[in-house]
Each structure stands twice: as C-alpha cells, then as structure tokens.
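Reader: I'm new to looking at protein models, and I'd love a close look at one part of this one. Could you take the cysteines as a starting point and walk me through what surrounds them?

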Amino acid sequence: MPLAEQDRTKWNRGQIDEGLELIDTAMRRRAPGPYQIKAAIAACHVQGETSDWAQIVLLYDSLLRLEPTPVVRLNRAVALCEVGWLEPAMRSLDALAAELRDYQPYHAARAEFLSRLGQADEAAKAYATAIALAGSPADAAFLRQRAERPLRTAT
C-alpha cells in the first residue's frame, strides 16, 4: 500500500518513538553516514500526518554525496515528484533510463510521473513494463490497479 494511502494511526507509535530516539542519539555524534541519513529519511516519513518531502529531497542530496548510486538518484527523483517538482523529477528519472532499464521500481516511478504529467499513453507503456518486471503476483496486481486508476495530473 502506498505510503500516502496508509492509516498512520495504525502504526506502532512505541516502535516509532524508540527509532526516533535512536536517530537523535546517532545525530548528536555529528558524524552522519549513509545509515544515519537513511534513518533521518525514514524519520521524515513517520513524524506528523504527512511526509516532509522537501526535507527528504535535502537528505537525499546528502546521501548522494556518500552513495551516488542509481537507486539513490531514483529515490531522490521520487521525492522531487512528491514535492511537486515534476519536470525536474522527470529529467532526473530520464537520466537513469539506461542504468535502471531492468529495475521494476524505475518503471513504476516513471509510470506515476507520466500519469501526473497527463501523459496517459506513455504512462500505460511504463506500467506495462513495470508489470512485466514485477517480482511477485501481488506486485503485478498492485501495479495493474495503479494503471487502471484515472490520471492524477499535477495542478
């Protein structure tokens, strides 16, 4: 289930608080590495009623300096999209096409971006590729459901 559709009141608040305390302890050491940055990204998802996507973009910028991988760049592009910066997000995603051509999450993200940009035909093609690359029947069913919903264009 996508993060935006989850009922955050059903999350385990005790475990979240414990995790946030561990992140605070690690950050007080003032030597953030990739694990601390990834934990800070996770913290941005669990604090408040929505994820702090602008802060997540900044954290991915920091993570890219330590782990300049295609998957980190993909995740940063998703964060850009969630902030509402669709054009830069799409450019970032397009730059990853060759490196991630066989990576299902790349195609799922591309389908979502294209859907939000109102490009229904291209979104459908990207969903078809993501479905073909799905690792499980449940993943494929989820992607088929996403592909069948009305366009979610940016406003």
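**Starting from the cysteines**

Author: Let's start with Cys-44: its sulfur is 17 Å from the closest cysteine sulfur, the one in Cys-81, and that is too far for a bond. Keep in mind that this is a predicted model. Seen from the other end, the sulfur of Cys-81 has Cys-44 as its closest cysteine partner, again 17 Å away and too far for a bond. A disulfide needs the two sulfurs within 2.5 Å. A search through the whole structure turns up zero disulfides.

So are these two cysteines buried or exposed? Cys-44 is buried, with a relative accessible area of 11%, and Cys-81 is buried too, at 2%.

Now follow Cys-81 to its surroundings. Phe-113 touches Cys-81, and it also touches Ala-77, Val-78, Ala-89, Met-90 and Leu-93, if you skip residues up to four places away in sequence. Phe-113 is a busy residue in another way: the largest nonpolar core has 35 residues, and Phe-113 is one of those that touch the most other members, along with Ile-41, Tyr-60, Leu-74 and Leu-93. Which elements give two or more residues to this core? They are α2 (34-46), α3 (53-66), α4 (70-83), α5 (86-94), α6 (104-116), α7 (120-133) and α8 (137-148). Apart from that core lies another one, of five residues, including Leu-20, Ile-23, Ala-43 and Val-46.

Cys-81 also takes you to a helix pair. α4 and α6 pack with their axes 11 Å apart, at an angle of about 20 degrees. That angle makes α4 roughly parallel to α6. On the α4 side, the contact is made by Leu-74, Ala-77, Val-78, Cys-81 and Glu-82, and on the α6 side by Pro-105, Tyr-106, Ala-109, Phe-113 and Arg-116. As for handedness, α4 passes α6 in a left-handed crossing.

While you're at α6, have a look at His-107, which lies in that helix. His-107 is buried, with a relative accessible area of 11%. What is His-107 in contact with, leaving aside its neighbours within four places in sequence? The list is Leu-100, Arg-101, Asp-102, Ala-126, Thr-129, Ala-130 and Leu-133. Take Leu-133 from that list: His-107 and Leu-133 are 26 residues apart in sequence, but from C-alpha to C-alpha they are 8.7 Å apart in space.

Key. Residues are numbered from 1 along each chain as its sequence is written. This is a predicted model: local features need pLDDT of at least 70, side-chain atom pairs count only at pLDDT 80 or more; totals for chains, interfaces and linings use all residues. Side-chain values use heavy atoms; hydrogens and water are left out. Buried means under 20% relative accessible area, exposed over 50%, partly exposed in between (1.4 Å probe, protein chains only). A nonpolar core is a set of buried Ala, Val, Leu, Ile, Met, Phe, Trp, Tyr and Cys residues joined through side-chain atoms within 4.5 Å. Helices (H or I, at least four residues) and strands (E, at least two) are DSSP runs, numbered from the N terminus. Contact means heavy atoms within 4.5 Å. Axes are lines fitted to C-alpha atoms, for helices over the stretch in contact, and angles run from 0 to 180 degrees between N-to-C directions. Angles under 35 degrees count as roughly parallel, over 145 as roughly antiparallel, 65 to 115 as roughly perpendicular and the rest as oblique. A crossing is left-handed if the near helix is turned anticlockwise from the far one by less than a right angle, and right-handed if clockwise.
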